[in-house]
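Work through these exercises with the model open beside you. Try each task before reading its solution.

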Amino acid sequence: KQWYQRRVAITAGGESITYLELATLIPGGSEALVYTTLSGTIGMFVPFTSREDIDFFQHLEMHMRNEAPPLCGRDHLSYRSAYIPVKASIDGDLCEQYNSLDPTKRKAIADELDRSPSEVSKKLEDMRTTYAF
């Protein structure tokens, strides 16, 4: 039997992954890939269940790149693609920063997404509670 690997998604976490496991963190929740890194970071790779969610989070990430630039001044996409170009993955940490923006920026982004700011926050919360906490 011949085994092969297909590259479905590519992302750079910035650190070396030391442990990777398919796990369900909450009773009745969905499975996700949970990982730890050399410096102690714990993260997750979660699958999207609908095309609507993929489109929503891709657009939110795109707006967040413009509205919440990194403190060091380096472009977010060039950081995430430093070693291998990012493919089919969305930066959840960046999307989570939406709730920390000032209300006018949140409103502007929500308007671009054809939603209210509370709907955007609810969508982020739903994604978080489906897999983790």
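**Exercise 1: A pair within one helix**

Aspartate 55 is partly exposed, at 28% relative accessible area. This is a predicted model.

Task: Which side chain meets aspartate 55 in a salt bridge, and where do the two residues lie?

Solution.
- Step 1. Look for the partner. The side chain of arginine 51 meets that of aspartate 55, with N to O at 3.3 Å.
- Step 2. Check the cut-off. A salt bridge needs nitrogen and carboxyl oxygen within 4 Å. The pair counts as a salt bridge.
- Step 3. Place both residues. They sit in helix H1, four residues apart, or about one turn of the helix.
- Step 4. Check exposure. Arginine 51 is exposed, with 54% relative accessibility.

**Exercise 2: A pair between two helices**

Task: Is lysine 123 buried or exposed? Which aspartate does its side chain meet in a salt bridge?

Solution.
- Step 1. Read the accessibility. Buried means under 20%. Lysine 123 has 17%, so it counts as buried.
- Step 2. Find the partner. Aspartate 53 and lysine 123 form a salt bridge through their side chains, at 2.5 Å from N to O.
- Step 3. Locate the pair. Aspartate 53 belongs to helix H1 and lysine 123 to helix H5, so the bridge ties together parts 70 residues apart in sequence.
- Step 4. Check the partner's cover. Aspartate 53 is buried too, at 14%.
- Step 5. Widen the view. Neighbours within four places aside, lysine 123 touches Glu52, Asp53, Phe56, Phe57 and Arg115. Salt bridges link Glu52, Asp53, Arg115 and Lys123 in a network.

**Exercise 3: A second pair within one helix**

Task: Which lysine side chain meets that of aspartate 126 in a salt bridge?

Solution.
- Step 1. Name the partner. It is lysine 122, with N to O at 2.9 Å.
- Step 2. Place the pair. Both residues are in helix H5, four residues apart.
- Step 3. Compare with the cut-offs. Aspartate 126 is partly exposed at 32%. Lysine 122 is partly exposed at 44%.
- Step 4. Note the total. The chain's salt bridges number eight.

**Exercise 4: The nonpolar core**

Task: How many residues make up the largest nonpolar core? Which helices each supply at least two of them?

Solution.
- Step 1. Count. The core has 17 residues. Those with the most contacts inside it include Phe57, Leu60 and Ile109.
- Step 2. Assign helices. H1, H3, H4 and H5 each supply at least two core residues.
- Step 3. Follow one residue. Beyond its sequence neighbours within four places, isoleucine 109 contacts Leu60, His63, Met64, Glu67, Tyr98 and Leu101.

Notes:
Residues are numbered from 1 along each chain as its sequence is written. This is a predicted model: local features need pLDDT of at least 70, side-chain atom pairs count only at pLDDT 80 or more; totals for chains, interfaces and linings use all residues. Side-chain values use heavy atoms; hydrogens and water are left out. A nonpolar core is a set of buried Ala, Val, Leu, Ile, Met, Phe, Trp, Tyr and Cys residues joined through side-chain atoms within 4.5 Å. Buried means under 20% relative accessible area, exposed over 50%, partly exposed in between (1.4 Å probe, protein chains only). Contact means heavy atoms within 4.5 Å.
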